[in-house]
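Trainee: Could you take me through one part of this model in some detail? I would like to follow a single helix and the contacts around it.

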Amino acid sequence: MSVPCGMMRCVTGRLMLLDTASLYFRAYFGVPDSVRAPDGSPVNAVRGLLDFIDRLVKDHRPDALVACMDADWRPEWRVELIPSYKAHRVAEEREVGPDEEEVPDTLSPQVPVIEAVLDALGIARVGVAGYEADDVIGTFTARAKGPVDIVTGDRDLYQLVDDERGVRVLYPLKGVGTLQLTDESWLREKYGVDGGGYADLALLRGDPSDGLPGVPGIGEKTAAKLLAEFGDVAGIMAAVDDPKARLTPSQRKRLDESRPYVAVAPKVVRVAQDVPLPDVGTTLPRTPRDPAGLDELAARWGLGGSLQRLLVTLGA
């Protein structure tokens, strides 16, 4: 289902991209921490993620699957533009390398286990230094030759939705058994914008969870109305300079005062689509890449039925 294509292999069938951290955070909080390895270590995030992947593959039958990772959850190039970007989630600042993100104590030790299990299964796992998983997802999506399903609990990725290219977001509402299939018609009904307009909406509205201030006084509904009237952020800012443009005095004033933010925010809010991806095989594995290593991981961490169900599904 794939052919060589530069530094990655272009997928021609249905590609599923996992926002992996988003999913294992949901698994961690959704599966009781009484789910433990033989030595008593919590493995609720590990087993929950395996159950998620099993259900996703069963229900949506992708031809290719990539677990996209945060090699840098708070890239310096974004922080330089907007210093408040994700600042409230920093647990420890580091002079070299990414700052340490605030993560529950019993989740952090499970992440290396998740990575080892995915590698032993043969599920492609891609993170690129200096970039977030969103950027990896954006680049895979831009280069895909067929339809793309993006599985994430992060609404920021709505900006990639594109009906013409068959790009949609599967947003978990309850586990991954109940997913909101986000396409452009859903976005227009909910937010009044299409996929391409969602980044501009988010930029104007702001996002406290990511430390993005937005334009004061411009909420979601006002942002949608301005985008409907003027097309995009550039059109809105051009209208600020046009005395004939239909802006209220307060809107004009607030947008004018927010020029420094609006000038840099697009690069922060929009996912990168030019990440140097490694040359990686993305085809969904039918059998484990490392059966012996997988057996050792299963025994060490007590992965039980979660792993066995996924193996059966992959081999079906």
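Mentor: Happy to. Keep in mind that this is a predicted model. Let's start with a salt bridge in which the side chains of R309 and D51 meet, at 3.2 Å from N to O. D51 belongs to helix α2 and R309 to helix α13 (residues 304–315), so this pair links distant parts of the chain, 258 residues apart. R309 counts as partly exposed at 40% relative accessibility, and D51 is partly exposed too, with a relative accessible area of 27%.

Now stay with α2, which spans residues 44–60, and turn to α4, residues 110–121: the axes of these two helices come within 9 Å and cross at roughly 35 degrees. The crossing of α2 and α4 is right-handed. On the α2 side, the residues in contact are N44, A45, V46, L49, L50 and I53, and they meet Q110, V113, I114, V117, L118 and L121 of α4. By class, this contact has ten nonpolar residues, two polar ones and no charged ones.

Just ahead of α2, the loop between α1 (20–30) and α2 holds D39. The side chain of D39 meets that of R300 in a salt bridge, 3.1 Å from N to O. R300 lies in helix α12 (residues 291–301), so the pair ties together parts that are 261 residues apart in sequence. Both ends are partly exposed: the relative accessible area is 38% for R300 and 46% for D39. For the wider setting, the count for the model comes to 19 salt bridges.

Note on methods. Residues are numbered from 1 along each chain as its sequence is written. This is a predicted model: local features need pLDDT of at least 70, side-chain atom pairs count only at pLDDT 80 or more; totals for chains, interfaces and linings use all residues. Side-chain values use heavy atoms; hydrogens and water are left out. Axes are lines fitted to C-alpha atoms, for helices over the stretch in contact, and angles run from 0 to 180 degrees between N-to-C directions. Helices (H or I, at least four residues) and strands (E, at least two) are DSSP runs, numbered from the N terminus. A crossing is left-handed if the near helix is turned anticlockwise from the far one by less than a right angle, and right-handed if clockwise. Contact means heavy atoms within 4.5 Å. Ala, Val, Leu, Ile, Met, Phe, Trp, Tyr, Cys and Pro count as nonpolar, Asp, Glu, Lys and Arg as charged, and the others, Gly among them, as polar. A salt bridge is a side-chain nitrogen of Lys or Arg within 4 Å of a carboxyl oxygen of Asp or Glu. Buried means under 20% relative accessible area, exposed over 50%, partly exposed in between (1.4 Å probe, protein chains only).
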